[in-house]
Amino acid sequence: MSCQQMEEWLVSDDARDLEAARRHADVCANCAELLAEHESVLAAARAWRQSEPSLRDEFVANLEAQLETPRPLALFRAH
């Protein structure tokens with residue numbers, strides 16, 4: 001495996017690709033550093049997701065509140 005291929009496999013959704021990337025990182029110092037940085041970013045993202053409500057959840061809650069609040073229908077404006 002080449003270092004370029006490792007970078008591609010590192011972001012793959014296939015668990016086999018990630019495992020192959022980890023095996024390459026075991027024997028390549030540059031890729032080991034890249035893997036460590038990648039895993040650090042993933043860990044930070046997981047921690048943030050667990051500590052803060054997601055923007056999607058906030059958006060859905062705001063939208064539901066807007067839809068539940070009765071508002072007058074104003075199709076025409078008086079001039």
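**A predicted four-helix model: questions and answers**

Colleague: Which residues form a nonpolar patch on the surface?

Modeller: This is a predicted model. In it, the patch has about 400 Å² of accessible area together. Its members are Phe 59, Val 60, Leu 63 and Leu 67.

Colleague: Is Leu 67 buried or exposed?

Modeller: Leu 67 belongs to the nonpolar surface patch and is found in helix H4, which covers residues 55–68. Its relative accessibility is 68%. Exposed means over 50%. Leu 67 therefore counts as exposed.

Colleague: What order of elements does the protein chain show from the N terminus on?

Modeller: The secondary structure comes to four helices and zero strands. From the N terminus on, the elements therefore follow the order α-α-α-α.

Colleague: Which element of the protein chain has the highest mean pLDDT?

Modeller: The mean pLDDT of the protein chain is 81, and 85% of its residues reach 70 or more. Among the elements, H4 has the lowest mean, 80. The highest mean, 92, belongs to H2.

Colleague: What percentage of the residues in the protein chain is buried?

Modeller: The accessible surface of the protein chain comes to about 7,000 Å², and 55% of that surface belongs to carbon and sulfur atoms. The chain has 79 residues, and a residue counts as buried when its relative accessible area is under 20%. The buried share is 13%.

Colleague: Which residues make up the largest nonpolar core?

Modeller: In soluble globular proteins, nonpolar side chains tend to be buried together. Here the largest such core has seven residues: Met 6, Leu 10, Ala 21, Ala 25, Cys 28, Cys 31 and Leu 35.

Colleague: Which helices each supply at least two residues of this core?

Modeller: The core includes Met 6 and Leu 10, Ala 21 and Ala 25, and Cys 31 and Leu 35. The helices in question span residues 3–10, 15–27 and 29–51. They are helices H1, H2 and H3.

Colleague: How are Ala 21 and Met 6 placed, and what distance separates their C-alpha atoms?

Modeller: Ala 21 lies in helix H2 and is buried, with a relative accessible area of 0%. Leaving aside neighbours within four places in sequence, its contacts are Met 1, Met 6, Trp 9 and Leu 10. Ala 21 and Met 6 are 15 residues apart along the chain, and their C-alpha atoms are separated by 4.9 Å.

Colleague: Is His 24 buried or exposed?

Modeller: His 24 is found in helix H2. Beyond its neighbours within four places in sequence, His 24 is in contact with Met 1, Ser 2, Cys 3, Met 6 and Cys 31. Its relative accessibility is 12%, and the limit for burial is under 20%. His 24 therefore counts as buried.

Colleague: What distance separates the C-alpha atoms of Gln 5 and Asp 17?

Modeller: Gln 5 has its place in helix H1. At 28% relative accessibility, Gln 5 counts as partly exposed. Gln 5 and Asp 17 are 12 residues apart along the chain, and the distance between their C-alpha atoms is 9.6 Å.

Colleague: With which residue does Asp 14 form a salt bridge?

Modeller: Side chains of opposite charge can pair when their charged atoms come close. The structure holds two salt bridges. Asp 14 is partly exposed at 25% relative accessibility, whereas its partner is exposed at 64%. The closest N and O atoms are 2.7 Å apart, and the partner is Arg 16.

Colleague: Which residue forms a salt bridge with Glu 39?

Modeller: The closest N and O atoms of this bridge are 2.9 Å apart. The pair links distant parts of the chain, 17 residues apart, with Glu 39 in helix H3 and its partner in helix H2. Glu 39 is partly exposed at 33% relative accessibility, and the partner is partly exposed at 32%. That partner is Arg 22.

Colleague: Among contacts between residues at least 6 apart in sequence, what percentage joins residues at least 24 apart?

Modeller: A contact requires heavy atoms within 4.5 Å. Among the contacts in the protein chain between residues at least 6 apart, the share joining residues at least 24 apart is 32%.

How values were computed: Residues numbered from 1 in each chain as written. Heavy atoms only, no water. Buried < 20%, exposed > 50% of the residue type's maximum accessible area, 1.4 Å probe, protein only. Areas by Shrake-Rupley, 256 points an atom, 1.4 Å probe, with all protein chains shown as cover. Core = buried A, V, L, I, M, F, W, Y, C linked by side-chain atoms within 4.5 Å. Patch = residues over 30% accessible without salt bridge, like charges linked within 9 Å, V, L, I, M, F, W, Y side chains within 5 Å. Salt bridge = Lys/Arg side-chain N within 4 Å of Asp/Glu carboxyl O. pLDDT = per-residue confidence, 0-100.
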